[in-house]
Amino acid sequence: MKVYGVTGWKNSGKTGLMERLVAEFTARGYRVSTIKHAHHTTDVDQPGRDSFRHREAGATEVMLASPNRWALMHELRDEGEPPLHELLARMSPVDLILIEGFKRDAHPKVECVRAETGRAPLAPDSTTIHAIATDTPLDIDKPQFDLNDTAAIADFIAAETGL
């Protein structure tokens with residue numbers, strides 16, 4: 001499986017770009033999956049639901065299945081957050097896995113930079129950021145794309161990964 005990341009500071013346009021890239025690559029006939037890193041506590045379950053009650057009772061994993069989808073929830077309890085390579089190993093085979101976040105991990109990435117965030121780009125200090133998707137030209141010696149030029153960014157990722 002090919003792996004490519006989208007990273008950047010909060011409100012830099014990562015999620016919008018991820019959404020557009022998934023649509024672009026699937027329109028090109030590729031099977032795509034995603035991994036999203038969250039720095040805050042998240043819960044895809046709802047208090048009072050059976051699956052929530054199973055987890056609260058102490059289950060390590062709870063799989064919720066329906067005619068439309070299934071979800072596997074794994075409680076870390078006192079374990080540390082698993083590294084990206086362990087999460088990738090749990091994914092079903094597809095053509096491309098797009099990763100949002102995980103800015104310090106070793107996979108290749110495109111960084112989203114918006115002037116309005118006021119944050120300095122990560123790219124100058126990173127060897128894993130191979131390109132920048134931005135709303136303003138930057139004085140950085142890496143390929144730069146308009147943040148909204150999804151096709152050009154997808155072409156770059158396809159070339160980098162050999163898709």
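**Exercise 1: Arg77 and Phe102**

Work out why Arg77 counts as partly exposed.

Step 1. Arg77 has a relative accessible area of 45%. Buried means under 20% relative accessible area, exposed means over 50%, and partly exposed lies in between, with a 1.4 Å probe and protein chains only. Arg77 is therefore partly exposed. Before we go on, a word on the source: this is a predicted model, in which local features need pLDDT of at least 70 and side-chain atom pairs count only at pLDDT 80 or more, while totals for chains, interfaces and linings use all residues. Residues are numbered from 1 along each chain as its sequence is written, and side-chain values use heavy atoms, leaving out hydrogens and water.

Step 2. Now place the residue: Arg77 lies in the loop between strand S4 (70–74) and helix H3 (84–89). Helices (H or I, at least four residues) and strands (E, at least two) are DSSP runs, numbered from the N terminus.

Step 3. Look at the backbone next. Arg77 has a phi near 50°, a positive value in a residue other than glycine. Most residues other than glycine have a negative phi.

Step 4. Phe102 also has a positive phi, of about 50°, although it is not a glycine. Phe102 sits in the loop between strand S5 (96–100) and strand S6 (109–113), and it is buried because its relative accessible area is 9%.

**Exercise 2: Salt bridges around Arg28**

Find which residues are joined with Arg28 into one network of salt bridges.

Step 1. Start from the rule: a salt bridge is a side-chain nitrogen of Lys or Arg within 4 Å of a carboxyl oxygen of Asp or Glu. Side chains of opposite charge can pair when their charged atoms come close. The whole structure holds seven salt bridges.

Step 2. Arg28 pairs with Glu24, with 2.9 Å between the closest N and O atoms. Glu24 is partly exposed at 22% relative accessibility, and Arg28 is partly exposed at 32%.

Step 3. Arg28 also meets Asp155 in a salt bridge of 2.8 Å, N to O. This pair links distant parts of the chain, 127 residues apart: Asp155 is in helix H4 (residues 150–161), and Arg28 is in the loop between helix H1 (14–27) and S2. Asp155 is partly exposed, at 43% relative accessibility.

Step 4. For another salt bridge, turn to Asp50 and Arg53, whose closest N and O atoms are 4.0 Å apart. These two are separated by about one helical turn because they are three residues apart in helix H2. Both Asp50 and Arg53 are exposed. As for the network, salt bridges that share partners join Glu24, Arg28 and Asp155.

**Exercise 3: Surface patches**

Name the residues that gather in a patch of negative charge on the surface.

Step 1. Patches are made of residues with over 30% relative accessible area and no salt bridge; like charges are joined within 9 Å, and nonpolar side chains (Val, Leu, Ile, Met, Phe, Trp, Tyr) within 5 Å. Lys and Arg count as positive and Asp and Glu as negative, while His and the chain ends are not counted. A charge is placed at NZ of Lys, CZ of Arg, CG of Asp or CD of Glu.

Step 2. The members are Glu116, Asp135, Asp146 and Asp149. Asp135 lies in the loop between strand S7 (129–134) and strand S8 (144–146), and at 42% relative accessibility Asp135 counts as partly exposed.

Step 3. A nonpolar patch is formed by Met63, Trp70 and Leu72, with about 350 Å² of accessible area together. Areas come from the Shrake-Rupley method with a 1.4 Å probe, and for residues only the protein chains shown count as cover. Met63 belongs to strand S3 (residues 61–65).

**Exercise 4: His37**

Decide whether His37 is buried or exposed, and find which side chain it joins in a polar contact.

Step 1. His37 is in the loop between strand S2 (32–36) and helix H2 (50–57). With 14% relative accessibility, His37 counts as buried.

Step 2. The partner is Glu81: a polar contact of 2.6 Å joins the two side chains of His37 and Glu81. Such a contact is a pair of N or O atoms within 3.5 Å; within protein, one must be able to donate a hydrogen and the other to accept it, and residues adjacent in sequence count only if both atoms are side-chain atoms.
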